[in-house]
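Please open the model in your viewer and keep a selection prompt at hand. The tour moves from one selection to the next and says what is found at each stop.

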Amino acid sequence: MQNIKLNLKNSKIEQAEIMNYSKKVLEIHEELHEKVKEEKEPLGWLNLPSEYDKKEVEKIKKIAKKIQSDSEILLVIGIGGSYLGARAVIEALTHTFYNYLPIDQRKTPQILYVGNNLNPNYINDIIDLIGNKNLSINVISKSGTTTEPAIAFRIFRELLENKYGLKEAKKRIYVTTDQKKGALKQIADEEKYTTFVIPENIGGRYSVLTPVGLLPIATAGIDIDKILEGARFAQEKYSDKNLKYNDCYKYAVARNILYKNEKNIEILVSYEPKLHYLIEWWKQLFAESEGKENKGIYPTGAEFTTDLHSLGQYIQQGRKNLFETVINIKEPITNIYINQDEDNLDELNYLVGKGLDYINKEAMEATISAHSDGNVPNIIIEMDKLDEYTLGHLLYFFELSCSVSGKLLGVNPFNQPGVEDYKNKMFELLEKPGYINKEKTEENIVKSKRKSKAKIKI
Ligand code: PA5
């Protein structure tokens, strides 16, 4: 059975320091496992791997097959927790250049993402990429009102309707949203689109194992049963309330110890380019869960060895407010061996017969050693393999550790009130009905006063 292990050898944290948190962690464990019984608590993700809606998963598999049979492209419309999980899993488990492969090699549709920005070039370039290819849309929004995906949906729904006509377009739109509320739910009901439900008690960034992630993931040909199986294994494994045996809780504690020691930036590091979006998903999970009340570790990411030739300099010799969490995938998916070259002009013959994975891992060992010698603690997450089962395990590991870590920090890991501030200001500037722009209103009053004064003069 593939597994995941936490290694704190290079973290400069003693086991005794970790164990000082036993009581606090036990309280959090009990709080989570008690509150999960109350439907209104945002804890639906905690037992999801063992309690997911089996019928919904069967429906996901059926629709994924339909999309595979009638579409060359699946357009995933969503932002934040409504797209990062799907993208993280798809990019981790498919060919590195999945979307560029010819269809006979790829076998399943290209997966393209929109609604995660407001940039016209990006959207126009996606339209170019679609060309006259067959297309389906999966629009994902829990609130059903988020501006970025709402705008993208309006644009691409029109494109789809012009391309196929109203009747066929309806059959190619799949909506993933709340069971009852939101504008998207209303549109879906009116238009009779096929819909998938995001459980009320699961927030966006904890929703990758719901239809939010599972429909795009299944469409890319990935075995979602195995992902859920891995997550189920993790749910069982990390239900151990004893901190001593619970790596997931230990990771949460280790982060908090480092934070108290002025290490307030965490870099999630990977030596596997396929994990680029896993790092993005992790950044969102931890940033929105912990960054509040002027507290929290700033989560960022790095891809080595690429970034050793950029960020590496700062990490080694810059400010010492950093620590790294390194994901080490033990078993490579493929390998390449270095061949003998008679001339040896590149002086690489000392590597003859060595696998590239071995060289990559030696680079990792060297970097861990150099960085921890340079007072940058390193936490290592050892993954046996990069496959569906182990990735399902890792997703659950991060969701649970994030919520425990947030609680240790003393914040609510399930809300994101700060995100509203930019939205409110943007709505004011865009003059969305119901949003008053104080500055503009005052400007208008001054202008109209000036005008009326001028009139009096005349
Ligand atoms: O984690 C979260 O809750 C957020 O990042 C949301 O996923 C994001 O803001 C998108 O929201 P929605 O799904 O309502 O469109």
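Start by selecting T305, which sits in the loop between β8 (298-303) and α15 (311-317); this is a predicted model, and within it the peptide bond leading from F304 to T305 is cis, with omega near 10°.

Go next to the loop between α14 (276-290) and β8, where N294 lies. N294 is not a glycine, yet its phi is positive, near 60°, and with a relative accessibility of 85% the residue counts as exposed. Then select E262, placed in the loop between α13 (247-260) and β7 (265-270), which also has a positive phi, of about 70°, although it is not a glycine; at 57% relative accessibility, E262 counts as exposed.

Now turn to the interior and select I217, L278, W281, I327, L394, F398 and L400, the residues with the most contacts inside the largest nonpolar core, which has 90 residues. Helix α17 (residues 388-409) gives this core its largest share, 10 residues, and at least three residues come from each of domain 1 (4-35 + 228-409) and domain 2 (48-222). Centre the view on W281 and, leaving aside residues up to four places away in sequence, display its contacts: L84, G85, A88, R205, V208, L395, F398 and E399.

Finally, select L118, I151 and I155, which form a nonpolar patch on the surface with about 230 Å² of accessible area together. Of these, I155 belongs to helix α8 (residues 147-164) and is partly exposed, its relative accessible area being 31%.

Technical notes
Residues are numbered from 1 along each chain as its sequence is written. This is a predicted model: local features need pLDDT of at least 70, side-chain atom pairs count only at pLDDT 80 or more; totals for chains, interfaces and linings use all residues. Side-chain values use heavy atoms; hydrogens and water are left out. Patches are made of residues with over 30% relative accessible area and no salt bridge: like charges are joined within 9 Å, nonpolar side chains (Val, Leu, Ile, Met, Phe, Trp, Tyr) within 5 Å. Accessible areas come from the Shrake-Rupley method with a 1.4 Å probe; for residues, only the protein chains shown count as cover. A salt bridge is a side-chain nitrogen of Lys or Arg within 4 Å of a carboxyl oxygen of Asp or Glu. Helices (H or I, at least four residues) and strands (E, at least two) are DSSP runs, numbered from the N terminus. Buried means under 20% relative accessible area, exposed over 50%, partly exposed in between (1.4 Å probe, protein chains only). A nonpolar core is a set of buried Ala, Val, Leu, Ile, Met, Phe, Trp, Tyr and Cys residues joined through side-chain atoms within 4.5 Å. Domain bounds come from an automatic or database domain assignment. Contact means heavy atoms within 4.5 Å.
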